[in-house]
Amino acid sequence: MNYSLIVYFIGRLMRIEAVLLSLPLLVSMIYKENRGVIAFASVIVISFILGWALMRIFKPKDKTIYAREGFVMVALSWLVFSSIGALPFVISNEIPHYIDAFFETVSGFTTTGASILRDVESMSYGMLFWRSFTHWIGGMGILVFVVALLPGVSDRSIHILKAEMPGPIMGKLVPKLKDTAKLLYLIYIILTVTEAVLLLCGGMPVFDSIVHTFGTAGTGGFGIKGDSIAGYSPYSQWVITIFMLVFGLNFNVYYFLLFRKFREAGKIAEAWVFLTLVVVSAFTITLNILPTQEYSGFGEALRYSAFQVATVISTTGYATTNFDAWPALSKAILIVLMFIGSCANSTAGGLKISRVIILFKSMGAEVRKLLHPRSVTSVRYEGKPLDKGTISGVKTYFAFYIMIFFIGFIAVSCDPWAQSSGFNAFETNFSAMVACFNNIGPGFGGVGPDQCYAGYGYFTKIVLSFAMLLGRLEIFPIILFFAPATWKHSKKK
């Protein structure tokens, strides 16, 4: 293990976070928020100086990144970013307790959107901006940003992108890794600017447009109003609905469209399954909620159902209504979409549609093998046979996913604080774990769209914070980071 390289890399990231914190500092200065200015300025100075010192002291001779270093760097980077990012909330006293601030910041960077804030509208502009900006930073990935912008990054850095990018198959869009990262961020920025402009055109205030665009682009969902998006115009709700789906699509689609490779874009099966799920789910829920007479007609019901389907399947977490009060069928559809999530190589969370497709195809292959033992069966994805390593990786991921989910669910259900406060209902705990592990945010019951996570004790908030990190980093970087074998000296790379 190249410890010097890891510490040097963390020092570099701390300096980057100091630079990123200058944006909410500027917002606090514009709105003349003295506490915010002091908080952000203090953290910037501490983070920059400490990062500079680590880079000076631990300058490595060998900067080659191998797989083991890659996984450790990813896990440690997200932990450090979240730990430092929580400090402005504590210093400004807007979130006095550090564990609460850590939960909020992890929720931001992992694009979960779960919040402990009971009165979000009392927050200062600078802190609201920082909350939403963490979504945008974490959406594409902290280390994708590093690979895209920093000099001296080689193609060996594919190991940190593999560990950070969501999905079962991670490949380069163009020959050079650095160019791949730049291209991803170019697409990300173009889509972000487009949404912000469209929201402005609909009459949404500038600040609101920016922070809601950050939340949509990162599929995070931190709102700045008590009713999330419900108070904005139907036009703004439709724009956000569309862009939640846009950012939930596989970014390879946009790469092919950008270079006019329309046939290749049309062959991405995951995108078609994603859109089919959205359309079928939205229309089914529309027909299910219409008889409740809460909506004036089919058009309004469709707008509410489409928004909620988009926010759940993209794991964004915004809301325009309390879907916890919907009929059982609608809630069942939403909770299934919570597990499935969106596409690989997107900013969304969940199992990923590509994994679900591969799981079903491999199940079908196993059934055919049982019926015809001597036949040669293969699992094909997008017209190509998958190698055994990919199929095994998907099955292993699913096994870890189920195991970690139920361990986390049991841990959350043991919270004595929640039991004493009446916040320990089965539905609440189950959906809290689903919502955090899949990076969605709101769940059902006590953590529904009109509630928050403040009722849980500190133990559960730590458990759910790690659930968010496990979900965003797709389990293995965090597990390998805490595995003793990872840190043992080995000459083999």
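# A tour through a predicted helical chain

Begin with the whole chain on screen, where buried residues make up 59% of the 493 residues; bear in mind throughout that this is a predicted model. Colouring by secondary structure will bring up 24 helices and two strands. Of the contacts in the chain with a separation of 6 or more, 72% are between residues 24 or more positions apart.

**The nonpolar core**

Next, select Phe251 and Tyr453, which are the residues with the most contacts inside the largest nonpolar core, a set of 143 residues. Keep Phe251 in view and display its surroundings: once the neighbours within four places in sequence are left aside, Phe251 is in contact with Met140, Leu184, Ile187, Tyr188 and Leu191, and also with Asn345, Ser346 and Thr347.

**Helix H15 and its two sides**

Now move to helix H15, residues 269-289, whose 21 residues should span 30 Å at 1.5 Å a residue, which agrees with the 30 Å between its end C-alpha atoms. Select Glu270, Ala271, Phe274, Val278, Ser281, Ala282, Ile285, Thr286 and Ile289, the buried residues of this helix. They lie on the same side of H15, because the arc they cover around the axis is only 130 degrees. Turning to the other side of H15, you will find Trp272, Val280 and Leu287 exposed. With the buried residues still selected, show what they pack against: helix H12 (234-248), helix H13 (251-258), helix H16 (298-313), H17, helix H18 (353-371) and strand E1 (380-381).

**From H15 into H17**

Which residues does Ser330 touch, not counting those up to four places away in sequence? Select Ser330, which is found in helix H17, and the contacts that appear are with Ile285, Asn288 and Ile289. Ser330 counts as buried because its relative accessibility is 0%, the cut-off for that label being under 20%.

Staying with H17 (residues 328-340), add helix H21 (residues 426-437) to the view; the two axes come within 10 Å and cross at roughly 35 degrees. To see the contact itself, show Lys331, Ile335, Met338 and Phe339 on the H17 side, which meet Glu427, Phe430 and Val434 on the H21 side. The residues of this contact divide into five nonpolar and two charged, with no polar ones.

**A buried glutamate in H10**

The next selection is Glu195, placed in helix H10 (residues 177-201). Is this glutamate, Glu195, buried or exposed? Its relative accessibility is 0%, and Glu195 therefore counts as buried. Leaving out residues up to four places away in sequence, Glu195 touches His212, Thr213, Thr216 and Ala217, together with Val239, Ile240, Phe243 and Phe247. A distance label is useful here as well, since the C-alpha atoms of Glu195 and Ser209 are separated by 8.4 Å, with their positions 14 residues apart along the chain.

**Last stop: helix H22**

Finish at helix H22 (residues 458-472), which has 15 residues and reaches 21 Å from its first C-alpha to its last, close to the 21 Å expected at 1.5 Å a residue. This helix is largely enclosed by the rest of the structure, because 11 of the 15 residues of H22 are buried. Selecting the buried ones in H22 picks out Thr460, Lys461, Val463, Leu464, Ser465, Ala467, Met468, Leu469, Leu470, Gly471 and Arg472. Following H22 is Glu474, whose phi is positive, near 55 degrees.

Terms used
Residues numbered from 1 in each chain as written. Predicted model: local features only at pLDDT ≥ 70, side-chain atom pairs only at ≥ 80, totals over all residues. Heavy atoms only, no water. Axes fitted to C-alpha atoms, helices over the stretch in contact; angles between N-to-C directions. Helix = DSSP H or I, 4+ residues; strand = E, 2+ residues; numbered from the N terminus. Contact = heavy atoms within 4.5 Å. Nonpolar A, V, L, I, M, F, W, Y, C, P; charged D, E, K, R; others polar. Buried < 20%, exposed > 50% of the residue type's maximum accessible area, 1.4 Å probe, protein only. Expected span 1.5 Å × (residues − 1). Arc of directions from axis to C-beta. Core = buried A, V, L, I, M, F, W, Y, C linked by side-chain atoms within 4.5 Å.
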